[in-house]
Amino acid sequence: MGLSEVQWDDHIPLPKLGPIQSKVIVGVVALVCFINSYDGEFVFDDSEAIVNNKDLRPATPLANIWSNDFWGSNLSSNSSHKSYRPLTVFTFRLNYLLAGGLHPVGFHVLNIVLHAVISALMIDVFSILIGGLAYDEKSRIVNHAPKTSLLSALLFAAHPIHTESVAGIVGRADLLCALFFQLSFLTYCKAFRRGSDKDASFSVQWVVVSLCLCAAAMLCKEQGITVLGVNAAFDVLVICNVNVYELSQRLLLRKKPLNVGEVWQMGLLTRLALMCFGGLLMLYARWRIMGTGPPEFTEVDNPASFLDNMFLRIVNYNYYYSLNAWLLLCPWWLCFDWSMGCVPLIKSATDWRMVWLLLLWCVLIGLISQALCSLDSQRRRTLTLSLVLLVVPFLPACNVFFRVGFVIAERVLYLSSAGYCLLLAYCLGHCCHRWRRYESLLRASALALLCMYVARCALRSHQWRTEQNLFTSALTVCPLNAKVHYNVGKNLADRGNTSAAIRYYRTAVGLHPTYVHAMNNLGNILKERNELTEAEQLLSKAVSIQPDFAAAWMNLGIVQNSLQKFNEAEQSYWNAIRFRRKYPDCYYNLGRLYADQHRHIDALNAWRNATLLKPEHSLAWNNMVILLDNTGNLGQAEAIGREALKLLPKDHTIMFSLANVLGKLEKYKESEGFFLQALQINPSAASCHGNLAVLYHRWGKLELAKKHYELSLKIDPEAPGTRDNYNMLLRKLDQARRP
């Protein structure tokens, strides 16, 4: 299992350090690269996976993380993405508990620390892949390639492609998957602590532990199962010292029959059988957990997979591979999203971009030929294992086994980049060994590359700190990406800049005319600006393109209600509820429509449905109290108000409405208590001061009434009715003072 000293390692332009020193340096470099993202916000996918994910809340049963997907949806739902990552969600939940809420600093710090640990552990992984598995007298792994493994780990620690995984909190899935991936590989190596390459002696227990860690990696992200492929390749090439080229010659040309007994004696078949059984068991469990089958993606998510022409589909898949390779080679053009026109499809064999496919395969074929046919056994092993580490973790994202929901995703390259970094370090070492006269130039080049990586990481992680920086940075990389313009517009709208948001939403719709989410958001802004006709046109188009778009149906109903198209509005609301049965906001708006039409019973029923679906729906509770108050049903209004306050004990609007009801019922003391509680929560509410003054006026506490009338008028001099009531009180006080 142990190999000889790596001949090019001494020529790597780095000092020879001890294992602890090397790991500390690599960890520090990893921290330096991404430390400026520690106080970033929740950005992009963090909103769905963390901010809006109820599985993080202490009130949600912990068992829910085992039945829901990564985004908090039930796996049996047709809308679920089927991304089953309960261990990752569990760490999010721990972050939430430790921080006492949604405070992003703790989430970011853990991501950065995980990346530093993974980068340090990569030294052990690389040293075994390059120099083989050997132990000293103290049973410690001997690193036959200390400089090469250190350089590879430094490149991995500082590679800018990792920014999305480290600075984006949802990248925790990739980090945890990589950590358990490493532990599974290193544990598999422990199975051979007492054996030699011609001995069947190995520890079944360590192989089983490795399989358990593989399962843990898979519970962090689906990619984790690919460690079995890396373990198998390591076993064949390093443990059993199989020459793949000679083996293929034996099998294909039948020059010499394969000695099955020798293979059996080495225990290879037993270990491969164990890994195959474990892998199939994990895949079966994963398939059963998915419930309704694989997720359904749209043409927008992955347009190449919807091409009817098989040749063009394969061409575009390979073009995607070449772009992924380019991102590893030159990680300057990075983007948070590569869909919706960012990568136009190749629709003809004469497209000039076919050159990139040919170049990719020329390089791969050259590397594979060297990995198989080189006379240097050390080169064969290093190149083969580098390619295995590069390609195998990428297989779940390659569209070959199943359709994926993206064009390019930088996060999926986190593990594959380790293979690239190993290849790059090998190439540098080989060049230093072969061209010793240029050693100074090569040393300067390696240092410059590492410095550029660090600088690019610092810049990119700064862009990931806020959504504004992240989205606007993508405009120069993917100007044709409708989703980029949509997200820029959404961010501007959230910050109140609706005029600029409209421009970006219009651009998004122009780039992608069937982009229903952009139409919906644009329609909402136009609705708020009272441009109701265009808003109705946009929302009508959105629901015609996607008839099950419940949010667009609801917003269309709101616009139609404002246009006094009451029948059409009611139908739109019911369409929204038909496509999303549990839709409390739609029931609330439906209740408002019925109230405007004086259909009081229907309005109360709609608002009651809203509160049943969402017990904390303050507006629905408050509207029920107000409607019952206005229609003279004071007893019912009091009961509803008290019920609401049991669920929302600090809601000042419900306190205010209930206080008004109690005042009319002449329960002055209770009414006063609720008014004062409401004012403690919201002391600047002019209407609350005004109505409390009316209560005191009726109650005969005229000085207190005068005080609160004056406070109300001070806050809002134009408060309706307050001035008249105040003048009436002054006349009454004046009369009381006269003899």
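Tyr-320, Tyr-321 and Asn-324 help line the second largest cavity of this predicted model. Phe-394, Ala-397, Asn-399 and Phe-406 also belong to that lining. Val-407, Ile-408, Ala-409 and Val-412 complete the list. The second largest cavity holds about 50 Å³ of space. Its lining has nine nonpolar residues and two polar ones, with no charged residue.

A search of the whole structure gives three cavities of 30 Å³ or more. The largest has a volume of about 60 Å³. Its lining includes Met-122, Val-125 and Leu-129. Phe-181, Gln-182 and Phe-185 also line the largest cavity, as do Val-230, Leu-389 and Leu-415. Two elements each give two or more residues to this lining: helix 4 (104-131) and helix 7 (172-190). Eight of the lining residues are nonpolar, one is polar and none is charged.

The table sets out the two cavities.

| Cavity | Volume | Lining residues by class |
|---|---|---|
| Largest cavity | about 60 Å³ | eight nonpolar, one polar, no charged |
| Second largest cavity | about 50 Å³ | nine nonpolar, two polar, no charged |

Next comes a single cysteine site. Cys-330 sits in the loop between helix 13 (310-329) and helix 14 (354-373). Cys-330 counts as partly exposed because its relative accessibility is 24%, and the partly exposed class lies between under 20% for buried and over 50% for exposed. Cys-330 and Ile-161 are 169 residues apart in sequence. In space, the C-alpha to C-alpha distance between Cys-330 and Ile-161 is 9.3 Å.

Methods: Residues numbered from 1 in each chain as written. Predicted model: local features only at pLDDT ≥ 70, side-chain atom pairs only at ≥ 80, totals over all residues. Heavy atoms only, no water. 1 Å grid on protein atoms, 1.4 Å probe; cavity = no way out; pocket = protein on both sides within 12 Å on 5 of 7 lines; lining within 4 Å. Points joined across faces, edges and corners; volume = space filled by probe spheres on them. Helix = DSSP H or I, 4+ residues; strand = E, 2+ residues; numbered from the N terminus. Nonpolar A, V, L, I, M, F, W, Y, C, P; charged D, E, K, R; others polar. Buried < 20%, exposed > 50% of the residue type's maximum accessible area, 1.4 Å probe, protein only.
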